[in-house]
Amino acid sequence: MKTNPSSFEQIWQAVQNGQNFFVAGHLNPDGDSLGCTLAVCSLLERLGKTAYAYASPAIGTDLLFLPGLEKIHVSELPPKPQFDTVILLECSDRKRGGDLESVLQNAKTLVNIDHHLVSDAYGNVNHIDSAASSTAEIIFQLFEASPDSLLPTPDEATCLYTGLVTDTGRFLHTNTTAEALRVASALVALGADVNKINQVIYFTKSYTELKLLGRALEKMHLLFQNKYSEIVLTQADFEPLNAVPSQTQGIVSQPTMIPGVEVSALIKEEPDKVSVNLRSRNHIDVSSIAQKFGGGGHARAAGFKVTGKPVQTVAQELAETVREVLAHAKH
Ligand SMILES: [Mn+2]
């Protein structure tokens, strides 16, 4: 779905009309969510506005290098929020950013900027472009559409490049379009600190994370003519390593390197829920699988969370769904 291009004009109108902004991405913010939140807040401040940057519930250690990160209010809302304009980034529905109702209810204008495949037009202004690789790509296009020909500063470019490089999997996923590379090139020209981003995000892993990767690969097994890879990590896997479920980044993509594997699932038993990450290699839309379990995402990367069910039950129900999807796939 692509909203009409005049939505950039409407966003700039909202920016012009607003004074006191609240900006947030989705829960458990990734590089795109945080990078865009910081770039947009920095831009608003340059325009003489006040901007309250928000993220919840925590920020991953690999993103702490982002310029301006200290400005983010982590899980902290003012007691009586009085923002005239709210900008939600990466939120496919108005609840994706967390419990922000107290913020949303008082705002005059809600701007929704997103690139997810299934996304509600819940804002007064919506820019939803599922063809965009990342929200960072859209924010760069927004800069280009600015009435005053504004350009990202080097710090803003670093934030946006982080969104672009993480959402495209280092420019390896199928969303690495010519437009994504054009925007990346422009951001590098504007001073994005590519070397730092690569060092921190891609060439740094803790001992615990590497041991957890080893444990996960040991537990990987293939089902359904080796088209489905399943990895189940329980508390018994995390505890001996003193690891936490958020230290599993990147693991779910590993099995898709095996020729023939179409869907990869990483199923994690967390203290209060089961969380599932899904990846697909070529043609299975895993966001539609995730939606069946109340989650969402993109065609090649999606996820969901389940509460009140044992991890093995979730794994079984998911396997059953994947089996049906593979059986009905045309390839
Ligand atoms: Mn994104």
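Colleague: Let's start with the sheet in this predicted model. In what order do the strands of the open sheet stand?

Modeller: Happy to walk you through that! The open sheet has six strands, and their pairing is parallel. Read across the sheet, the order is β3-β2-β1-β4-β5-β6.

Colleague: Which strands stand at the edges?

Modeller: Look for strands that have a single partner strand. Such a strand has one side left without a neighbour in the sheet, because nothing pairs with it there. The edge strands are β3 (73–74) and β6.

Colleague: How many bridges join β5 to β6?

Modeller: Strand β5 covers residues 109–114, and it runs parallel to β6. One pairing you can find yourself is Val111 with its bridge partner in β6, Val125. The number of bridges joining β5 to β6 is four.

Colleague: Are the residues of β6 buried or exposed?

Modeller: Take the two faces of β6 (residues 125–128) in turn. Val125 and His127 are on one side, while Asn126 and Ile128 are on the other. Both faces are covered, and these four residues are all buried.

Colleague: In β4, what is the bridge partner of Val23?

Modeller: Here we turn to strand β1 (residues 20–24) and strand β4 (residues 85–89), which run parallel and are joined by four bridges. Find Val23, then go across to β4. The bridge partner there is Ile87.

Colleague: Now the helices. Are α2 and α5 roughly parallel or antiparallel to each other?

Modeller: Helix α2 (residues 31–46) and helix α5 (residues 154–167) pack with their axes 8 Å apart, at an angle of about 160°. Angles over 145 degrees count as roughly antiparallel. The two helices, α2 and α5, are therefore roughly antiparallel.

Colleague: What classes of residue make up the contact of α2 with α5?

Modeller: On the α2 side you will find Leu38, Ala39 and Ser42 among the residues that meet α5. On the α5 side, the residues include Cys159, Leu160 and Thr162. By class, the contact has six nonpolar, six polar and four charged residues.

Colleague: Which strands does α2 lie across?

Modeller: Good one to check on the structure! Helix α2 runs at about 170° to β2 (50–55). The strands that α2 lies across are β1, β2 and β4.

Colleague: Last one: is Leu34 buried or exposed?

Modeller: Leu34 is found in helix α2. Beyond its neighbours within four places in sequence, Leu34 is in contact with Gly25, Pro29, Ala55, Ile59, Leu63 and Leu66. There are 28 other C-beta atoms within 10 Å of Leu34, and 20 or more is the cut-off. Leu34 is therefore buried.

Note on methods: Residues numbered from 1 in each chain as written. Predicted model: local features only at pLDDT ≥ 70, side-chain atom pairs only at ≥ 80, totals over all residues. Buried ≥ 20, exposed ≤ 12 C-beta atoms within 10 Å, placed from the backbone. Pairing = 2+ DSSP bridges. Axes fitted to C-alpha atoms, helices over the stretch in contact; angles between N-to-C directions. Parallel < 35°, antiparallel > 145°, perpendicular 65-115°, else oblique. Contact = placed C-beta atoms within 7 Å. Nonpolar A, V, L, I, M, F, W, Y, C, P; charged D, E, K, R; others polar.
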